[in-house]
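Me: I am new to this structure. Please pick one part and take a close look at it. Then tell me what lies around that part and elsewhere along the chain.

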Amino acid sequence: MVQVNSILSSFAIALLTGTAVSHPAASGHHHARNEPSDLSARAQYVKQSRRSLADCSESLKARGHEEASKARRSAAIAKHRRALALTKRENTSPANATTVANVNHNATGQGITMDSSEADIFSFASTLNNSCILVPEVTQGPYYVSGEYIRTDGDVRETELGVDLYIDVQIIDIATCEPVVDAYVDWWHANATGVYSGINAQGNGDYNDKTNINKTFLRGLIQTDDMGVAAVTDKFGGHYDGRATHTHMAVHINGTVLDNGTYTAGEITHIGQIFWDETLITDVNLNEPYASNTDEIVENVDDNVYPDEAVGYDPVPNYVYIGDSVTDGVFAWTTVGVDLTKDSAISVAATLTSSGGVESDSTESGTYGGGNSTSA
């Protein structure tokens, strides 16, 4: 059952322009809505960024980056299919999926089947409307932990259960339209039952489990390659009370890799959240351990962050099912446009040190001392 999720764009921008406050330990998982002045600033940023990304789109085509990206993704999906030893057959999945923006994210009925070549899949996706922008957000999101490990193989799963997710995140400099090489993509989200690792707080799993602050599952930094791509091997995230299913990311540049495999200093040029197609989420949630999650499901349209981000664009990655079932895994891809002159502040809930996790109430800029050898 191959499904192609066409975002309204392969391009996404999210630059933090105001102070971001993550979830206080005792206040649950709820985000505040943006004020009108914030939305006005965001609207202006969208207008300017669309011009930059439109210019980049043509430049990337001319320089061969688009074809190279397509070839990379085709090879990746073929690799995952071979690994699963899957037998291709015609797609018989349900009707086309739509998001809160009424965008069709599903190629079902559009001539894409399990017998389609990977090149055809990605060629089809590239013909769809590409106009996505993630704008500056006032709410950074919950539970950022500094000092997390660099995942040299891109794999953040550890022993977590759930649907395998392979996602290519390409970082593009909107000023030059070139891939950003050797950036570090900071990646974190809740597990299938709605728990973040590295945090001990009311509303985040079992508050009495004090060992969770030392855990690192579904977190890590992934270095971008010569195409600006951070290839993440992940488990599809779960939901928790008050929020739709989502994933957090930040982009670090000009920092230092420490001997213990962590990253420190530098600038944070991007902070953002990505969301997922409702049909995909529903399909995932039919399976364990997601089905055991007792928190109320919140759809994108009812989320406190998504509606503000989804004004004029769609923050949902492209995706295909690797095989006949979502349990065979999902391959996804998105491109994030960043302004390398920005250095954003980030609210740090905890820091991973050489002695384990330590709670923190600090708000740090991109120049924080995040490596875990610096704060033992």
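Reply: What follows looks at one strand, then its partners, and then some other parts of the chain. Keep in mind that the model is predicted.

The part is strand β3. How many residues of β3 are buried? The count is 10 of the 10, so the strand is largely enclosed by the rest of the structure. Buried here means under 20% relative accessible area. In a regular strand, side chains alternate between the two faces of the sheet. In β3, both faces are covered. One side carries D164, Y166, D168, Q170 and I172. The other carries L165, I167, V169, I171 and D173. Every residue on these two lists is buried.

Now the partners. Strands of a sheet pair through backbone hydrogen bonds, either parallel or antiparallel. β3 runs antiparallel to β7, and 7 bridges join the two. L165 of β3 has D234 as its bridge partner in β7. β3 also pairs with β13, a strand of residues 330-338. That pairing is parallel and spans 9 bridges. L165 comes up again here: it stands opposite V330 in β13. L165 therefore has a bridge partner in β7, D234, and faces V330 in β13.

A third partner is β4, residues 178-179. β3 and β4 pair in the antiparallel sense over 2 bridges. D173 of β3 has E178 as its bridge partner in β4. The two strands form a hairpin, with 4 residues between them. In the turn sits C177, with a positive phi of about 65 degrees. Most residues other than glycine have a negative phi.

Side chains tie β3 to β7 as well. Side chains of opposite charge can pair when their charged atoms come close. D164 and K235 meet in a salt bridge, at 2.8 Å from N to O. Where do the two residues lie? D164 is in β3 (residues 164-173) and K235 is in β7 (residues 229-235), with their positions 71 residues apart in the count along the chain. The pair links distant parts of the chain. Both D164 and K235 are buried.

This pair has company. D155 and R157 also meet through their side chains, in a salt bridge of 2.7 Å, N to O. D155, R157, D164 and K235 are linked in a network of salt bridges. The structure holds 6 salt bridges. E158 lies in the loop between β2 and β3. Its phi is near 55 degrees, a positive value in a residue other than glycine. E158 is partly exposed, at 41% relative accessibility.

Move on to the loop between β7 and β8. R243 and D303 form another salt bridge, at 2.6 Å from N to O. R243 lies in that loop and D303 in the loop between α4 and α5, so the pair ties together parts that are 60 residues apart in sequence. Both R243 and D303 are buried.

A244 is in the loop between β7 and β8 too. A244 is buried, with a relative accessible area of 1%. The C-alpha atoms of A244 and D302 are separated by 7.7 Å, although the two residues are 58 residues apart along the chain. D302 lies in the loop between α4 (278-285) and α5 (306-309). Is D302 buried or exposed? D302 is exposed, at 54% relative accessible area. D302 joins D241, E296 and E299 in a negative surface patch. The loop between α4 and α5 also holds P289. The peptide bond from E288 to P289 is cis, with omega near 5 degrees, whereas most peptide bonds are trans.

Next come β8 and β11. They pair in the antiparallel sense over 8 bridges. I253 has E267 as its bridge partner in β11. β11 covers residues 267-275, and 8 of its 9 residues are buried. A265 lies in the loop between β10 (263-264) and β11. Phi of A265 is near 60 degrees, again a positive value in a residue other than glycine.

One more sheet remains. It is open, has 3 strands in the order β2-β15-β16, and shows mixed pairing. β2 (145-146) and β16 (356-359) stand at the edges, each with a single partner strand, so one side of each is left without a neighbour in the sheet. β15 (residues 350-353) and β16 run antiparallel, joined by 4 bridges. T351 has V358 as its bridge partner in β16.

Key: Residues are numbered from 1 along each chain as its sequence is written. This is a predicted model: local features need pLDDT of at least 70, side-chain atom pairs count only at pLDDT 80 or more; totals for chains, interfaces and linings use all residues. Side-chain values use heavy atoms; hydrogens and water are left out. Patches are made of residues with over 30% relative accessible area and no salt bridge: like charges are joined within 9 Å, nonpolar side chains (Val, Leu, Ile, Met, Phe, Trp, Tyr) within 5 Å. Accessible areas come from the Shrake-Rupley method with a 1.4 Å probe; for residues, only the protein chains shown count as cover. A salt bridge is a side-chain nitrogen of Lys or Arg within 4 Å of a carboxyl oxygen of Asp or Glu. Lys and Arg count as positive and Asp and Glu as negative; His and the chain ends are not counted. The place of a charge is taken as NZ of Lys, CZ of Arg, CG of Asp or CD of Glu. Buried means under 20% relative accessible area, exposed over 50%, partly exposed in between (1.4 Å probe, protein chains only). Two strands pair if DSSP finds at least two bridges between them.
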